[in-house]
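Here is a brisk report on one protein chain. Look at the sequence and the model first, then read on.

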Amino acid sequence: MQCPSCQVTIHPHFSKTNLHGSSNQIFNALNSSGISAGWIVLTMVCPACNKAIIKLQENDWSSGTELRLRVIQPKSTSRMPAPADVPTELAEDFNEAAAVLEDSPKASAALSRRCVQGILRLNGYEQKDLAPAIEAILKSKQLPSHLADSLDSIRNVGNFAAHPMKDSNSGAIVPVEPHEADWNLDVLEGLFDFFYVAPAKEQTKRDLLNAKLESVKKPPMKK
């Protein structure tokens, strides 16, 4: 197996702790599904990076079937971390939003909303609230149309995360769906590319060409 922290191939040697039985308080707290289920905690330390690996395995004890296996530590995500060109405070919000997506789409959406407001403020849109900041950047026509069309999703999904809203028909609180929180992360990646990644790549190309022009005693490119 590969260590989820360092990605080095290692031999798994997990210690197992059973959480099964009516006298086990942890088992009773977890077992709210009403089925004959129990849990095994699997733990080990990676010999390559010395970081803990903890898994929680849920079993149907009546049949011996494994129902679910989750990695508890480290938290994993299928998304790449925020690019190195992104300011640290924004990268931290994005990475945390990606890490909690599976466990809490609502928390992920709230972090995405905070992150997009940080992006806009750092790029000159300093309105106190997110909605007018989004309106301002949309009116500026600064963003490519596909990104502008998607940007308002973060405001709307963030509203569902921050404020309880009821369905007008059922009266139930409208939840944040996982695919909505995941879309927010897509939009943030687009904003990162527009504001930070693409300009950094362009500057690197300009610097290389200017160095070449200087070597042949030619003037640098116009800004």
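How many disulfides does a search of the whole structure find? Zero. The model is predicted, and that applies to every value below.

**Cysteines**

A disulfide is a covalent bond between the sulfur atoms of two cysteines. C3 takes part in none, and its nearest cysteine sulfur belongs to C46, 3.6 Å away. C49 is also in no disulfide; there too the nearest cysteine sulfur is that of C46, at 3.7 Å. The cut-off for a disulfide is a pair of sulfur atoms within 2.5 Å, so neither distance qualifies. The surroundings of C3 and C49 can be read from their accessibility. C3 counts as buried because its relative accessibility is 0%. C49 has a relative accessible area of 25%, so C49 is partly exposed.

**Overall layout**

The chain has six helices and four strands. Along the sequence they follow the pattern β-α-β-β-β-α-α-α-α-α. The chain holds 223 residues, and 33% of them count as buried. Take the contacts with a separation of 6 or more: residues 24 or more positions apart account for 47% of them. The exposed area of the chain is about 13,900 Å². Carbon and sulfur atoms supply 53% of that area.

**A residue in strand β3**

Q57 sits in strand β3, which covers residues 52-60. Is Q57 buried or exposed? Its relative accessible area is 14%, so Q57 is buried. Leaving out residues up to four places away in sequence, Q57 touches G38, W39, I40, L42, E66, R68 and L69.

**Aromatic pairs**

The structure holds three aromatic pairs. Two of them are set out here.

| Pair | Centre to centre | Angle between planes | Type |
|---|---|---|---|
| F94 and F192 | 5.4 Å | 70 degrees | edge-to-face |
| F195 and Y196 | 6.4 Å | 50 degrees | tilted |

Why is the pair of F94 and F192 edge-to-face? The planes of the two rings stand at 70 degrees, and over 60 counts as edge-to-face. This pair links distant parts of the chain. F94 lies in helix α2 (residues 88-99) and F192 in helix α6 (residues 178-215), 98 residues apart. Both F94 and F192 are buried.

The pair of F195 and Y196 is tilted, with 50 degrees between the planes. F195 and Y196 are both buried. Together with F194, these two residues form one aromatic cluster.

Terms used
Residues numbered from 1 in each chain as written. Predicted model: local features only at pLDDT ≥ 70, side-chain atom pairs only at ≥ 80, totals over all residues. Heavy atoms only, no water. Helix = DSSP H or I, 4+ residues; strand = E, 2+ residues; numbered from the N terminus. Buried < 20%, exposed > 50% of the residue type's maximum accessible area, 1.4 Å probe, protein only. Contact = heavy atoms within 4.5 Å. Phe/Tyr/Trp six-rings, centres within 6.5 Å; stacked < 30°, edge-to-face > 60°. Areas by Shrake-Rupley, 256 points an atom, 1.4 Å probe, with all protein chains shown as cover.
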